[in-house]
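Open the model in your viewer and show the chain as a cartoon. Keep a selection box ready for each stop.

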Amino acid sequence: MHPEDGARRAGHRGVPHTADLRVEAWAPTREECLAHAVRGVCESFLDLSGAGATGIHRRDVVVRADSDADLLVALLEEVVYWLDTADEVPVDVELTETPDGLRAGLHMADASSLPVTGAAPKAVTLHDLDFAHGPEGWTCSVTLDV
């Protein structure tokens, strides 16, 4: 799941998948891996490079789950929720561990102000969901319906 260039210790990438969106992420810490998964999902359908500090606001949400994989799903469901209900997308994520999940600071931009590069996600699936810690850090793989 790591990139071909092994020099990078954290990152994300889209993986070709029939009619869906698949994202893989990796990082030394769980929170960094989750943040890369969020960024990978958002970069799959929008060009975030043009999102400046102007017009960015913060949404603080608490995400609770019984497992790390469920935490990944719940966090990405927040991304889909804000996209669907407010046409907003996180361009940066700050994650802090809580006793039963995460506190997420989502730095949101107006999605309609960013160039569209692909189909927007509609739902997170559990198909081939993976989130694990190994000797080289944390890795995750997730599929979303588009």
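The tour runs from the whole chain to the core, then to the aromatic pairs and some single residues.

**Stop 1: the whole chain**

Bear in mind that this is a predicted model. Colour by secondary structure. The chain has two helices and eight strands. Trace them along the sequence and the order reads β-β-α-β-α-β-β-β-β-β. The radius of gyration is 14 Å, close to the 15 Å that the globule rule gives for 146 residues, so the chain is as compact as a globular protein of that length.

Now fit a box along the principal axes. The C-alpha atoms fill roughly 40 × 35 × 30 Å. Switch on the surface. The accessible area comes to about 7300 Å², and 48% of that belongs to carbon and sulfur atoms. Of the 146 residues, 44% count as buried. Long-range contacts carry much of the count: among contacts with a separation of 6 or more, 63% link residues 24 or more positions apart.

**Stop 2: the nonpolar core**

Hide the surface. Which residues touch the most other members of the largest nonpolar core? Select Leu-34, Leu-72 and Phe-131, which hold that place in a core of 43 residues. Next, colour the elements that give two or more residues to this core: strand 2 (20–27), helix 1 (30–43), strand 3 (57–64), helix 2 (68–86), strand 4 (88–98), strand 5 (101–110) and strand 8 (137–145). Helix 2 gives the most, with 11 residues.

Centre on Leu-72. Leave out residues up to four places away in sequence, and Leu-72 touches Leu-34, Ala-37, Leu-129, Asp-130, Phe-131, Cys-140, Ser-141 and Val-142. Both other residues of the trio, Leu-34 and Phe-131, are in that list.

**Stop 3: the aromatic pairs**

How many aromatic pairs does the structure hold? There are two. Start with Tyr-81 and Trp-82. Their ring centres are 4.9 Å apart and their planes meet at 80°, so the pair is edge-to-face. Check the cover on each ring. Tyr-81 is partly exposed, at 44% relative accessible area, whereas Trp-82 is buried, at 16%.

Move to the other pair, Phe-131 and Trp-138. These rings are tilted, at 5.3 Å centre to centre and 50° between the planes. Phe-131 is buried at 10% relative accessibility. Trp-138 is buried too, at 14%.

Before leaving, go back to Trp-82 and add Arg-59. Arg-59 lies over the face of the Trp-82 ring, at 3.7 Å from the ring centre. Trp-82 thus has two partners to display: Tyr-81 in the edge-to-face pair and Arg-59 over its face.

**Stop 4: Val-124**

Select Val-124 in strand 6 (residues 123–124). Is Val-124 buried or exposed? Val-124 counts as buried, at 13% relative accessibility. Beyond its neighbours within four places in sequence, Val-124 contacts Val-73, Leu-76, Glu-77, Val-142, Thr-143 and Leu-144. Draw a distance to Val-80 as well. The two C-alpha atoms are separated by 8.2 Å, with their positions 44 residues apart along the chain.

**Stop 5: Ser-44**

Jump to the loop between helix 1 and strand 3, where Ser-44 sits. Ser-44 is partly exposed, with a relative accessible area of 23%. Show its contacts outside the four nearest places in sequence: Leu-21, Thr-117 and Gly-118. Then stretch a distance line to Gly-137. Ser-44 and Gly-137 are 93 residues apart in sequence, and 23 Å apart from C-alpha to C-alpha.

**Stop 6: two positive phi angles**

Finish with backbone torsions. Most residues other than glycine have a negative phi. Select Asp-87 for a departure: its phi is near 55°, a positive value. Asp-87 lies in the loop between helix 2 and strand 4. It counts as partly exposed, at 33% relative accessibility.

Now select Asp-128. Its phi is also positive, near 55°. Where does Asp-128 lie? Look in the loop between strand 6 and strand 7 (130–134). Asp-128 is partly exposed as well, at 49% relative accessibility.

Technical notes:
Residues are numbered from 1 along each chain as its sequence is written. This is a predicted model: local features need pLDDT of at least 70, side-chain atom pairs count only at pLDDT 80 or more; totals for chains, interfaces and linings use all residues. Side-chain values use heavy atoms; hydrogens and water are left out. A nonpolar core is a set of buried Ala, Val, Leu, Ile, Met, Phe, Trp, Tyr and Cys residues joined through side-chain atoms within 4.5 Å. Buried means under 20% relative accessible area, exposed over 50%, partly exposed in between (1.4 Å probe, protein chains only). Helices (H or I, at least four residues) and strands (E, at least two) are DSSP runs, numbered from the N terminus. Contact means heavy atoms within 4.5 Å. Rings of Phe, Tyr and Trp (its six-membered ring) pair if their centres lie within 6.5 Å; planes under 30 degrees apart count as stacked, over 60 as edge-to-face and the rest as tilted. A charge sits over a ring if NZ of Lys or CZ of Arg is within 6 Å of the ring centre and within 35 degrees of the ring normal. The radius of gyration is taken over C-alpha atoms; the globule rule is 2.2 Å times the number of residues to the power 0.38. Accessible areas come from the Shrake-Rupley method with a 1.4 Å probe; for residues, only the protein chains shown count as cover.
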